[in-house]
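User: Could you walk me through reading a few features of a model? I would like the general idea before each case.

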Amino acid sequence: MTSELLNVQGLETQFKTPEGIVHAVNGVGFTLKEGETLGVVGESGCGKSVSMLSILKLIPQPPGKIVAGQAMFRGQDLLQMDNDEIRQVRGGQISMVFQDPMTSLNPVMTIGKQMAEPLMLHMGFNKVQARDRSVELLELVGIPRAADRLKDYPHQYSGGMRQRVMIAMALSCSPQILIADEPTTALDVTIQAQIVELVIRLREELGMAIIWITHDLGVVASIAHRVAVMYGGFIIEEASVKELYANPRHPYTIGLIGSLPQIQAQGRKRLYSIEGMPPMLYQKPRSCPFSPRCRWVTERCRNENPLLESINDNHKVACWVDTVTGSERA
Amino acid sequence: MTENEVLIQVDDLKMHFPIYRGVIRRQVGAVRAVDGVSFKIHRGETLGLVGESGCGKSTTGRTMLQLYQPTAGKVFYEDIELTALKNEPMRHMRKNVQMIFQDPYASLNPRMTIRDIVAEPLVAFGTASGKAIDERVRELMGLVKLDPDFMLRYPHEFSGGQRQRIGIARALANNPSFIVCDEPISALDVSIQAQVINLFEDLQKELDLTYLFIAHDLSMVRHISDRVAVMYLGIIVELADRNEIYKNPIHPYTKALLSAIPVADPDFYETHDRIVLEGDVPSPANPPSGCRFRTRCPIAESYCAESRPEFKEVSPGHFVECFKWDHPDNKRR
Amino acid sequence: MTNYIIRRLLLVPVLLIGVTLIIFGMLQLLGPVERSALYVTDFPKNEKQIEGIIKKYGLDEPFFNQYWRWLTGVEDPVTGERDGGILYGDFGYSRTASQEVIGIIQNRFPNTVDLALWTVFPMLSVGIWMGVKAAVNQNKFFDQAARIYSIIGTSFPTFVFGLLLLMLLYANNQWFLPGKMSDWVSQLVYSGEFKQYTKLLSIDALLNLRFDVFWDAMRHMIMPIITLSYISWATFVRVTRSSMLETLRMDYVTTARAKGLKENDVINKHARPNAMLPVVTMMGGSIVGLLGGVVITETVFNYPGIGKAAAEAASQLDVVTILGLAIFTGFILIISNLIVDILYAFIDPRVRLS
Amino acid sequence: MTEMTTIPSGDNQLLEETKSDRKITWLERILGPDNYRIVTGLFKTPASIIGFVLILIFILVAIFAPVIAPPVGSDPMKIPRDGFSGEPKGPGAEWKRNVPEIPFWYTPLTGNEEWVHLLGTAQGQYDIFYGIIWGTRTAFQTGIIVVVATVLIGVILGSIAAYYGGWVDNLIMRITDIFMTLPYIMMALIFSSVLTPILGRSLWPPLIAMITFGWMGYARIIRSDILSIKERDFVLAARASGVKNGRILFKHILPNAIFPTLVLASLGIGDVVLGFAALSFLGIGTEIGYADWGQVLSFARNWITVLNRYWFIVVYPGLTLTFFVMGWNLVGDAMRDVLDPRMRGKS
């Protein structure tokens with residue numbers, strides 16, 4: 001876990017809607033090291049999926065538009081690449097798994113054909129080689145009778161199985177980065193556990209770096225090395241997983257963790273709750289986007305947006321207030 | 001209010017939805033969504049009902065309120081048998097038994113104002129009329145912590161969490177004593193879930209409510225419930241006090257389910273191994289013979305396929321449906 | 001899928017009975033006297049004779065008796081000859097054309113098929129091509145042009161369009177002609193030296209290697225083909241475009257892009273096959289529209305097909321002929337809808353494998 | 001979670017703000033969000049605005065027909081004819097017999113003291129200008145009658161099918177399928193030719209025929225909308241609240257289901273007028289000389305070899321009909337975009 005694989009700086013993405021321009025991502029920056037798993041956590045509409053899709057230029061343009069930023073991957077800026085160049089990266093060096101396994105496979109194409117596509121495209125396999133490799137991959141992700149099942153269509157697979165296929169397909173060209181966009185949200189708890197265990201196992205075997213997008217703080221705790229918390233199109237806190245859960249510093253993170261029921265707790269303790277609701281991003285926030293809901297809020301929070309700053313080696317937070325002491329940061 | 005007074009009793013409730021197949025749409029079978037569940041709910045308590053999608057938990061709630069015509073079984077409210085009531089008497093019972101729905105976007109009529117939505121149960125029974133309706137609506141909106149001045153607005157002007165509050169206000173209109181909460185928080189964002197859960201708890205204390213709380217999130221259910229029932233493929237496999245079921249789960253499915261819940265604590269995963277169940281849930285149209293769980297059970301034996309185990313009280317208040325509940329195999333894990 | 005096909009096949013008799021009931025029901029609005037014309041070649045003026053026919057064929061009997069008789073005809077007790085009975089191909093006698101209705105169908109239907117063949121294939125390929133291209137270039141010039149075309153296309157009445165074509169391409173300079181064939185061709189066709197393999201003039205001309213005949217056939221058909229096509233294109237463009245737009249928003253299209261596929265492959269291999277599914281279901285409807293459309297188009301261009309026969313019979317209130325033609329058209333449509341539905345089942349694996 | 005102790009207290013007492021500060025207009029309140037989006041969507045594109053303008057012009061022409069073309073004789077719907085000669089006369093030809101009184105706009109606009117055949121005459125000396133102006137009334141009359149009747153039949157049958165389900169639904173939908181199998185124009189043609197000997201030549205045979213074969217689309221739409229609304233949670237919620245069945249149908253299901261049907265129906269007028277004109281073109285329907293666009297156009301059928309000379313019989317009524325239909329289609333196209341299922345639910 002040494003060298004830096006991906007470095008994203010100042011990413012901004014907007015969407016044009018009938019109601020106005022939605023500023024979905026407003027300056028996101030992070031780095032990803034080799035073999036590392038970064039968890040990206042946030043509620044719906046916080047910009048977590050959009051920022052990761054933007055990196056591969058997969059957001060529909062229009063209505064979406066990447067306004068600013070760079071994403072350095074192996075010395076090249078992904079956002080500056082033309083269509084042909086970015087296509088070489090997609091599915092080859094960086095691949096993705098999506099949220100809903102029921103809709104992310106083509107219903108009128110066999111699993112075998114869909115799996116063969118990236119192999120023939122990026123690895124230069126012929127049909128027979130692609131088929132053999134597909135069987136191996138399906139076996140790797142734990143699909144029984146893999147050779148027979150290549151002829152099947154997606155609707156003949158269960159939800160959990162389809163997500164395994166998606167993972168097998170994403171890993172087929174030995175990518176350096178796997179971006180998983182809420183891959184377990186649509187699945188049941190026991191199936192979710194299967195998928196998480198599978199990804200942990202594959203990570204150890206194949207050594208790729210992972211960006212795992214989710215709204216579930218529990219899933220992230222079990223899989224991530226480092227966690228970035230997003231709110232209102234910004235990363236508002238970033239820390240190693242242990243540090244974050246033991247020592248949350250941003251008022252939003254504190255609230256989010258506090259609002260979860262403690263499964264080990266005795267007796268019934270009232271849940272901590274964050275009042276109000278997430279902002280509608282029709283303007284780019286000029287103040288701290290969390291300030292209307294924050295209990296530590298100061299005058300400064302309402303006028304200036306804090307930047308993500310390090311408070312120790314593995315912890316960054318974007319807040320004007322030191323939530324430990326309750327006083328404003330210098 | 002006595003602690004042990006039974007408010008709701010469900011006896012061997014079954015709900016089978018017919019499947020029509022073939023050339024002439026003959027009935028070829030049934031989805032056994034609920035296939036014989038029994039439990040009691042005491043006045044003032046919250047019974048949590050958990051399970052994965054398709055296990056029949058929502059169907060159980062809806063069938064209890066006679067929103068579906070049950071295939072078999074009985075449901076009692078106090079000593080009234082709901083399953084025996086005709087349409088009109090059952091409609092009148094709806095003053096006492098109410099429901100809150102999962103999807104706050106789908107459960108409010110988009111063409112009615114909040115006032116009309118909340119007042120609808122009042123109008124249906126003539127509980128209030130004229131000015132009294134407005135007063136009662138204001139009171140209810142205050143109760144769920146919404147600004148009563150918003151009552152002439154339409155549902156789409158509110159957020160998910162607020163809409164869920166409107167749904168709660170509607171359910172409370174006629175002072176019911178029993179409410180089925182059908183996954184009321186699973187469509188909400190994490191930070192909003194806690195707001196709604198706290199509201200449920202406050203209302204229960206204030207209004208002496210009894211809840212059946214249906215959810216797939218075992219940690220939230222444990223937080224709000226007094227007792228928890230775990231469903232799998234149309235049956236209740238285990239039912240116990242909430243601390244008991246967490247500390248001392250007996251059924252292999254409960255164990256796996258508990259172990260599969262993601263815990264927001266990275267240290268937890270250094271000390272705990274997950275029990276990962278193999279395979280998928282079988283189709284409720286064609287459930288396995290004998291024990292429903294045997295196809296995925298790590299300790300299943302051949303005899304598990306032969307007959308269905310008894311739903312047995314293994315210690316006071318702790319019910320389990322498993323042949324091997326005190327078998328050494330089960331204890332080891 | 002067997003189940004699906006069997007169910008679909010079982011619908012055929014239901015549709016057949018329904019269609020014949022509707023048409024027979026319309027016939028019943030007329031009095032027995034008018035209906036007696038169904039059974040005789042020379043419509044009698046003698047009242048006694050009419051009464052005899054009404055008695056003989058039970059034209060004043062209850063509805064279902066008559067319906068049954070209409071379907072199966074009456075067997076003459078003496079000669080054993082069957083009179084009437086649409087199930088036996090006897091659609092009655094056409095007063096205005098002075099021949100059996102089945103004869104009209106035999107003469108005219110090949111002409112309509114000839115026209116339809118040359119319309120359907122351009123209609124499908126061009127319409128679908130335009131729709132896909134419009135969706136891929138959403139809101140760009142091609143898309144805007146296609147949408148404007150589709151609005152104008154669906155607004156321009158076929159007969160107005162047809163008359164304008166006649167004005168520009170025929171009345172002005174005789175480039176293209178109304179009717180079916182020139183005199184010299186008709187002499188040739190009926191001379192016996194021209195072999196009628198299919199009875200479709202354009203195809204037979206090609207099979208006989210008579211390209212001059214083929215050119216003559218085309219000169220007569222080109223205006224009706226354009227007229228029938230422009231409106232079908234308009235509908236096909238709209239349906240294909242909106243189906244394609246919907247498909248392009250699907251998750252599996254994003255998946256395909258995330259795999260690194262070329263945009264062309266994303267569209268042609270992933271999006272288009274899925275977008276075609278609703279278009280196939282629409283094909284059944286467009287065949288119905290085509291057969292309805294020929295009534296007007298054939299009339300405008302004086303093209304001797306089955307549609308013109310229907311229009312002529314209708315304007316002279318020749319009910320027998322027109323109902324015969326309606327029944328025949330109904331049969332054709334039921335069969336073609338059946339084919340389209342089965343085709344759909346083969347295309348969509350979710351239906352095929354269930 | 002050691003820092004939890006420093007959280008300032010304060011609990012669920014706050015009242016939340018509404019979702020956004022966007023102003024909700026009265027129209028949106030009345031129509032509800034979905035329908036409001038449909039209505040406003042209609043006025044957003046230039047195409048649909050052109051459509052509305054076209055429709056408005058035709059409405060004005062229909063209303064002010066007596067001012068634009070003062071009636072001659074007792075029945076204004078009969079096109080005045082200037083003699084009986086077969087040969088059509090071109091635009092601007094002198095008007096000799098049955099000269100109508102001159103309307104106030106005529107002389108100032110044309111500088112002419114005498115009425116002429118503004119757009120020429122058709123065979124039999126029927127004045128084309130009169131046919132077009134008064135034909136606008138025929139168009140609206142037929143359009144409205146057929147649309148109202150087909151919608152009524154469709155909505156009644158579709159609702160019954162959706163509400164009762166089971167064999168009732170099956171029966172009604174199979175009947176719909178059967179009617180759908182038959183080509184519309186051909187069947188309307190056939191049925192009106194059967195009705196003509198019974199009812200005589202008038203508007204009614206084609207109207208009844210078009211109603212008989214025109215209701216199926218509405219029945220299908222309203223049925224599927226009701227079925228999808230019926231499954232929505234708020235209907236179940238109303239039942240769980242103890243609301244009676246009748247109120248559920250009329251307060252919850254129908255208001256949410258019927259709007260798309262009504263909107264589409266109002267735009268069906270264009271298609272109906274097109275169909276009616278086609279029937280008159282084929283010689284079915286009103287008596288010769290009735291003010292009706294299809295009727296005027298049908299005169300052209302006898303002159304196809306010399307249409308280059310008598311172009312005005314085709315061009316004027318043809319373009320009028322085209323613009324009329326296009327007006328409704330432009331609005332309808334915008335409507336289809338707004339009603340498109342993939343747009344639904346997005347606010």
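User: How many salt bridges are there over all chains?

Analyst: Happy to help! A salt bridge is a side-chain nitrogen of Lys or Arg within 4 Å of a carboxyl oxygen of Asp or Glu, and by this rule the count over all chains is 44. This is a predicted model, where local features need pLDDT of at least 70, side-chain atom pairs count only at pLDDT 80 or more, and totals for chains, interfaces and linings use all residues. Residues are numbered from 1 along each chain as its sequence is written, chains are lettered from A, and side-chain values use heavy atoms, with hydrogens and water left out.

User: Which residue forms a salt bridge with Lys48(A)?

Analyst: That partner is Glu182(A), with the closest N and O atoms 3.3 Å apart.

User: How are two packed helices described?

Analyst: By the angle between their axes and the distance between the axes. Here, the axes of helix 11 (residues 233-240) and helix 12 (residues 245-267) of chain D come within 11 Å and cross at roughly 175°. Axes are lines fitted to C-alpha atoms, for helices over the stretch in contact, with angles from 0 to 180 degrees between N-to-C directions. Helices are DSSP runs (H or I, at least four residues), numbered from the N terminus. Helix 11 and helix 12 of chain D are therefore roughly antiparallel (over 145 degrees).

User: Which residues of helix 11 of chain D make the contact?

Analyst: Phe234(D), Val235(D), Ala238(D) and Arg239(D) do, meeting Ile248(D), His252(D), Ile253(D) and Asn256(D) of helix 12 of chain D; contact means heavy atoms within 4.5 Å.

How values were computed. Helices (H or I, at least four residues) and strands (E, at least two) are DSSP runs, numbered from the N terminus. Angles under 35 degrees count as roughly parallel, over 145 as roughly antiparallel, 65 to 115 as roughly perpendicular and the rest as oblique.
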